[in-house]
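Here's a quick briefing to read alongside the sequence and the fold. It goes topic by topic, so dip in wherever you like.

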Amino acid sequence: MTKTNEIAQSTFSKKEVSEILNDYTLAWISRHISILGRKEVLTGKAKFGIFGDGKELPQIAMAKFFREGDFRAGYYRDQTFMLAIDGVTVEQFFSQLYANPDIEKDPNSGGRQMNAHFATRLLNEDGSWKPQTEMKNTAADLSPTAGQMPKLLGLAQASKVYRDNELLHDRTNFSRDGREVAWGTIGDASTSEGHFWETMNAAGVLQIPMIVSVWDDGYGISVSKKYQTIKESISKALRGFKRTKHQPGFEIITVKAWDYEGLIDAYKEASLIARDEHVPVLVHVEEVTQPQGHSTSGSHERYKSEERLEWEKEHCCNYQFREWILSRDIATEEELDAIEQQALETVKKKQKKAWEEFQEPIQAQKKELDTHLGKLIKAHSDLHRLKTLRKDLRRKTRPYRRDIISIARKISMALRSENSKTLTEFRSWLDKRIHENIEIFDSHLLSETSSSPLLIEENKPEYSESPAKVDGRVVLRDNFDVLFDKYPEVLVFGEDAGQLGDVNLGLEGMQEKYGETRVSDTGIREATILGQGMGMALRGLRPIAEIQYLDYLLYCFQGMSDDLATLRYRTKGGQAAPLIVRTRGHRLEGIWHAGSPMGMILNGIRGMHVCVPSNLTDAAGFYNTLLQGDDPALVIEPLNAYRLKEKLPDNLGEFTVPLGIPKIVQEGEHITLVSYGSTLNLVHSVLPELEEAGISAELIDVRTLLPFDRDHQIVNSLKKTNRILFIDEDVPGGATAFMMQHVLEKQKGYYYLDSEAKCLTAKAHRTAYASDGDYFTKPSAEDVIETVYSIMSESNPTKWVPLES
């Protein structure tokens, strides 16, 4: 043994030396992934690349304290961390880079997300939960900057709920005494986003086990942090949030990205504070570098000075780690060179295998198509286009699936007037391949399990002979009471939802009965209300996140659209968050409380169910349905129904309203009227006047817009009446256009029209204030009557004399 090795052995044990060298190996495996991955993009084998080079050391240190049951909600540069916790392999990383749709090759997303967007498969194939406390878990990443932060809040809050709710102490698959920590990561520039600040404030208020690591490399793509962050330091900017002896808050730790021992100490401290004390922690990792710049779409040499670039080379964490190892005589230069070379060879080998596995099924399909083409050329020798297409096919040395299918479809079009057994066999092959690609790219928008809420059949409300007539909000309240008692995993939270029992008293008395853990108030912070719900839903709870008014849904709409609605799809069925978003909307007074932005909602949250009940009994039925299912949903309660009288059902908590099944409110013969929510009630109120005018109208309450009329009740009505009017209070071209397209195009309703199909909507602007504003902005009773009458008058002006001279 040499003298230097004797020194190393006296400072570090054999086990420690082995761990250090393993860490060095992993750091260089990850670095070579980044370097080789960038080359794969620049040579055209992959479409885009974003990598974690420069963050290897802090992520290795962080991973040392990440335990089974913990969750990560992260940044798209956490590849080293994921490698360190065995959350991804080198092959899987490259499979995702190539967009391999095989879920065995890319278990994160099945090729649906770009590289470095990670996700643990939390669900079994049948949709049941895997035991999270036996796994190291990652919530599905997303690209919008700071978009990961709101659900991080919920992932951490779930630990507090599991700790505080005694009824859940047996749910050991999800938590063990609430000791799980939620780990968040974010780039320094992204801390400028509102989602970050909202989350940090809420975490300090809630006092939950959350650790946020900020990777600070000094830039937001090309923009220096002097333009990003006050004081050019997020830890300095947040000093007022730091806890004191007398006031709660969160702990703040700063550490350099190249300081191996300091990083381990920092994360050890952070883990103890968060796990044992349930106090959130910010770890500000400074002096991070980006050896290859932001991404493959540009070069950092364009915006960094030569001095900065030289500084980054010197302060690269892998380089500094090497110098530290040499200075401690843990290994020689030759030994470290060998480790780096072996890491490179390992990465090259795994990358090559991932590429071959990606190409193998595509090359097989190319060969199949070439064989079919050869037969078609013989059978249809006069069609010279086929030879040209075969040349095009054979030129594709590194084809994508689209290349194969595109050429095959061109062949089918070229042979559209031909007929042969060979052509029939080819088209059968093409149909099979097209359906395979539907499964590859279109599956799992909604639940495909036996727990899908679409499988919940209708169970109608039951009433006694003389049912009590109560305010609609009482039906809702008493139904919630039964649900809280029935499902200990159900909890609700939002602005004024706790002590007050929500602004319309639909939760009156629930906090007093079930406690603040299950029925709680929040601050005015819609984005993180949604995030709380999403994170807790990912951990097996059944949250109902309340957004006070429909207009304010826009504050959290980004999270609903980019994260919640896409979660099951972008993980190819690997994750689900069956969160119910509760809000109230439609007619009220004024621009900010009378909105019905349904078109925006419908087009922005495919992957969620959208329930639009016209009364609160139906609203209660939707909650009963959704809690038996495993999909996320939005329930919009009609604002003007809380004080209207409804019969109180006897089977509260049990009756259900099926999703996508409209209700025929009144049968008729002359015209079909289609509406929902508060507008449905307005239309219902004018039916007697239409009858007085000799018009027999069939009124249909669609009840849900997503899904919409699954059994085609509306087109069946249209077959009878041959006329149709869609009515709502969204802007022109919004939800009425959505409904019309479904009925006329998808349900083939166009063929049954005897009159022009029409829409009656609100004006294009926001609703003006007060009763006059409502009357002249949104459809009124007179608007409905006159529009229906004009349709009938156009069809038979003798019977229904035109209103205009």
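How many bridges join strand 21 to strand 22? The count is 3, and the two strands run parallel. This is a predicted model, in which local features need pLDDT of at least 70, side-chain atom pairs count only at pLDDT 80 or more, and totals for chains, interfaces and linings use all residues. Residues are numbered from 1 along each chain as its sequence is written, and side-chain values use heavy atoms, with hydrogens and water left out.

**The five-strand sheet**

- Strands 17, 19, 18, 21 and 22 line up in the order 17-19-18-21-22 as an open sheet with mixed pairing (strands are DSSP E runs of at least two residues, helices are H or I runs of at least four, and both are numbered from the N terminus; two strands pair if DSSP finds at least two bridges between them).
- Strand 17 (663-666) and strand 22 (758-760) are the edges: each has a single partner strand, so one side of each has no neighbour in the sheet.
- From one strand to the next, the twist averages 25°.
- Where strand 21 (residues 724-727) meets strand 22, I727 has L760 as its bridge partner.
- Helix 23 (residues 677-685) lies across strands 17, 18, 19 and 21, and runs at about 160° to strand 19 (697-701) (axes are lines fitted to C-alpha atoms, for helices over the stretch in contact, and angles run from 0 to 180 degrees between N-to-C directions).

**V674, a residue in that sheet**

- V674 sits in strand 18 (residues 671-675).
- With a relative accessible area of 0%, V674 is buried (buried is under 20% relative accessible area, exposed over 50%, and partly exposed in between, using a 1.4 Å probe and protein chains only).
- Ignoring neighbours within four places in sequence, V674 is in contact with I700, V702, I714, I724, L725, F726, I727 and M739 (contact means heavy atoms within 4.5 Å).
- I405 is 269 residues from V674 along the chain, and their C-alpha atoms are separated by 41 Å.

**The seven-strand sheet**

- The order here is 11-10-12-13-15-14-20, again an open sheet with mixed pairing.
- Strand 11 (519-521) and strand 20 (704-706) stand at the edges with a single partner strand each, so one side of each goes without a neighbour in the sheet.
- The average twist from one strand to the next is 20°.
- Strand 13 (residues 580-585) is mostly covered, with 6 of its 6 residues buried.
- Both faces of strand 13 are covered: I580, R582 and R584 are buried on one side, and V581, T583 and G585 on the other.
- On one flank, strand 13 pairs in the parallel sense with strand 12 (residues 542-546) over 3 bridges, and V581 is the bridge partner of A545.
- Strand 13 also runs parallel to strand 15 (residues 633-638), joined by 6 bridges, with A633 as the bridge partner of I580.
- Strand 15 has a parallel link to strand 14 (residues 609-611) as well, through 3 bridges; there, C611 has V635 as its bridge partner.

**Helix 6 against helix 18**

- The axes of helix 6 (residues 149-164) and helix 18 (residues 526-538) come within 6 Å and cross at roughly 55°.
- That angle is why the two helices, 6 and 18, are oblique to each other (under 35 degrees counts as roughly parallel, over 145 as roughly antiparallel, 65 to 115 as roughly perpendicular, and the rest as oblique).
- Helix 6 brings P150, K151, L153, G154, L155, Q157, A158 and V161 to the contact, and helix 18 brings A527, T528, G531, Q532, M534, G535, M536 and L538.
- By class, the contact of helix 6 with helix 18 has 9 nonpolar, 6 polar and 1 charged residues (Ala, Val, Leu, Ile, Met, Phe, Trp, Tyr, Cys and Pro are nonpolar, Asp, Glu, Lys and Arg charged, and the others, Gly among them, polar).

**Helix 13 against helix 14**

- Helix 13 (residues 385-395) packs on helix 14 at about 180°, with their axes 10 Å apart, and the pair is therefore roughly antiparallel.
- R385, L386, L389, D392 and L393 of helix 13 meet I404, I407, K410, I411 and A414 of helix 14.
- The contact of helix 13 with helix 14 divides into 7 nonpolar, no polar and 3 charged residues.
- S412 is in helix 14 (residues 401-414), and is buried at a relative accessible area of 17%.
- Leaving out residues up to four places away in sequence, S412 touches F426, R427 and L430.
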